[in-house]
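Trainee: Could you take me through one part of this model in some detail? I would like a connected account with the cut-offs spelled out.

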Amino acid sequence: MNRFIFAGQWWQAAGLRWSKMLVLACALLSLASCSTLQVGYDNADTVAVWWLDRYLELTPAQKPLLKQQAGKLLQWHRQTQLPHYVEFLQHVQGQLRGKVTRADLEADADRMGHFAQDVLLQSLPELTDLALQLNE
């Protein structure tokens, strides 16, 4: 009988250790994803050039120009758009404290669509310039 009690306590302790390790792993993954997002955002101009080059086969002259334009877009985004994102996320956080309706979700999705549209409209002149420089 004592062996069974000891085995049960051992399994309980092992389960507790695994639970703590799982919580720690989740916390570390969350931190890693935040830092990954930060690294990606900080290098968005380089990533944009690399991504477009994979599809368009940019010339050596086009790459630095595109990187410069992407850097300007990123600076504009930081200065003008990120404050709107913070405000929106605070609004959504407040919504989650109460009852969220379908109309709330649709309005939030519409607002997120406007965020993407704003970035596209801001980048349209540079994208048009790039498109006019492309060859077959």
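Mentor: Happily; here is a walk around helix 2 and the loop that follows.

This is a predicted model, so local features need pLDDT of at least 70 and side-chain atom pairs count only at pLDDT 80 or more, while totals for chains, interfaces and linings use all residues. Residues are numbered from 1 along each chain as its sequence is written, and side-chain values use heavy atoms, with hydrogens and water left out.

Helix 2 covers 44-56; helices are DSSP runs (H or I, at least four residues), numbered from the N terminus. V47 sits in helix 2 and is partly exposed at 44% relative accessibility (buried is under 20% relative accessible area, exposed over 50%, partly exposed in between, with a 1.4 Å probe and protein chains only). V47 also belongs to a nonpolar surface patch with W50, W51, Y55, L56 and L134, which together have about 620 Å² of accessible area. Such a patch joins nonpolar side chains (Val, Leu, Ile, Met, Phe, Trp, Tyr) within 5 Å, from residues with over 30% relative accessible area and no salt bridge (a Lys or Arg side-chain nitrogen within 4 Å of an Asp or Glu carboxyl oxygen); the areas come from the Shrake-Rupley method with a 1.4 Å probe.

V49, by contrast, is part of the largest nonpolar core, along with L52, L58, L66 and L130. A core here is a set of buried Ala, Val, Leu, Ile, Met, Phe, Trp, Tyr and Cys residues joined through side-chain atoms within 4.5 Å. Beyond its neighbours within four places in sequence, V49 contacts L58, K63, L66 and K67 (heavy atoms within 4.5 Å).

Between helix 2 and helix 3, the loop holds E57. E57 is exposed, at 69% relative accessibility, and its phi is near 50°, a positive value in a residue other than glycine.

Note on methods
Helices (H or I, at least four residues) and strands (E, at least two) are DSSP runs, numbered from the N terminus. Patches are made of residues with over 30% relative accessible area and no salt bridge: like charges are joined within 9 Å, nonpolar side chains (Val, Leu, Ile, Met, Phe, Trp, Tyr) within 5 Å.
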